[in-house]
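Subject: Structure handover

Hello,

The structure I promised is below. My notes on it follow; please read them alongside the coordinates.

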Amino acid sequence: MTPTNASWLSANAELWDARVPLHVDSDWYGLRDFRAGRLTLDEIELAGVGDPAGRSLLHLQCHFGLGTLSWARLGAEATGVDFSAAAVERARALATELGLPARFEQAEVSGLDLGRTFDICFTSWGVLMWLPDLDAWARAIARHLAPGGVFFLAEGHPHLFIWDDELGKDGYRPRNPYFRHSTPVVDEEAGTYVDPSQRLGLPQYRWNHPLAEVVSALAGAGLRVTGMAEHPVLPWQPLPWMTAHERPGWWRVPGDPFPLSFTVTATKDRPAHPRTEELT
Ligand SMILES: C[S@@+](CC[C@H](N)C(=O)[O-])C[C@H]1O[C@@H](n2cnc3c(N)ncnc32)[C@H](O)[C@@H]1O
């Protein structure tokens, strides 16, 4: 049978289900500190979204819920979505345990239709390369954003996908293509970033998305991009030649020669003229 986006996505969901118990128990995710009241959101995410108190917030690809629950701690009316049944189950259990008013839905993000809109739509760190079709993803965001609402994305820079793990004697060595390819890049034996020694025996399928594709998808879905920035830091270390930043939790390349991450803000404009029923 020829593989399709649906079969690749379902294999990825299986991988993420297998990762969840390892992640819940990992130092990486720091559940013990979270239970004690810590937020898991970093300064780029907090500055990008602003004060969410009293606002409805949709968190796409929320994993097992720590980010969504952090937004709830800050006063948002938060809903998290993820296609991993295991992740959503853990997220719901944590919300109940900690008495935090967040909801979680299990769904594939590009086809999402919750039948309502939100003031804020948020997604971050390690999300886009799991999606085969950014146009469908952007349409899902547009469907769920209220007029005047704000979308915020923080993500690893797509050029990171290119590089070999090892620095060659002449410098950085390319391995994977930057530009879009119709079939995903396959890793037959994926592990997990929280513990590279763990083998899960499952494949992963990923699609790299150049910056232009991200912005064009959002614009094509009718959203207005209001800002974009590139940053010389990243909150994880995908390549061994990156070094710990003096600010705890961040990584960089010595000398900051190129960006490691990027952020995008967009909005859904209010209609220029009120609808007739709003005037009567
Ligand atoms: C690296 S996590 C990102 C969340 C957050 N930055 C974190 O580290 O917890 C990626 C999440 O995306 C989810 N995911 C991957 N592809 C998805 C899809 N097509 N639809 C919905 N969720 C998806 C996975 O289940 C996983 O929980």
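In the notes on the ligand shell, Ala, Val, Leu, Ile, Met, Phe, Trp, Tyr, Cys and Pro count as nonpolar, Asp, Glu, Lys and Arg as charged, and the others, Gly among them, as polar. By that scheme the shell around the ligand holds eleven nonpolar, five polar and two charged residues.

The model is predicted: local features need pLDDT of at least 70 and side-chain atom pairs pLDDT 80 or more, while totals for chains, interfaces and linings use all residues. Residues are numbered from 1 along each chain as its sequence is written, and side-chain values use heavy atoms, with hydrogens and water left out.

The ligand

There are 18 residues around the ligand, where a residue counts if one of its heavy atoms lies within 4 Å. Y29, H63, D82, E108 and W125 come nearest.

Three polar contacts (pairs of N or O atoms within 3.5 Å) are worth listing:
- D82: a polar side-chain atom is 2.6 Å from an oxygen atom of the ligand.
- E108: an N or O atom of the side chain is 2.6 Å from a ligand nitrogen atom.
- W125: a polar backbone atom is 2.8 Å from a nitrogen atom of the ligand.

The ligand alone exposes 590 Å², and the protein buries 92% of that (Shrake-Rupley method, 1.4 Å probe).

The helices

Helices are DSSP runs (H or I, at least four residues), numbered from the N terminus. Axes are lines fitted to C-alpha atoms over the stretch in contact, with angles from 0 to 180 degrees between N-to-C directions.

The axes of α6 (residues 134–144) and α7 (residues 211–220) come within 8 Å and cross at roughly 45°. That makes α6 oblique to α7, oblique being any angle outside the roughly parallel (under 35 degrees), roughly antiparallel (over 145) and roughly perpendicular (65 to 115) ranges.

α4 (residues 66–73) and α5 (residues 85–98) pack at about 30°, with axes 10 Å apart, and are therefore roughly parallel.

Regards

Terms used
A polar contact is a pair of N or O atoms within 3.5 Å; within protein, one must be able to donate a hydrogen and the other to accept it, and residues adjacent in sequence count only if both atoms are side-chain atoms. Helices (H or I, at least four residues) and strands (E, at least two) are DSSP runs, numbered from the N terminus.
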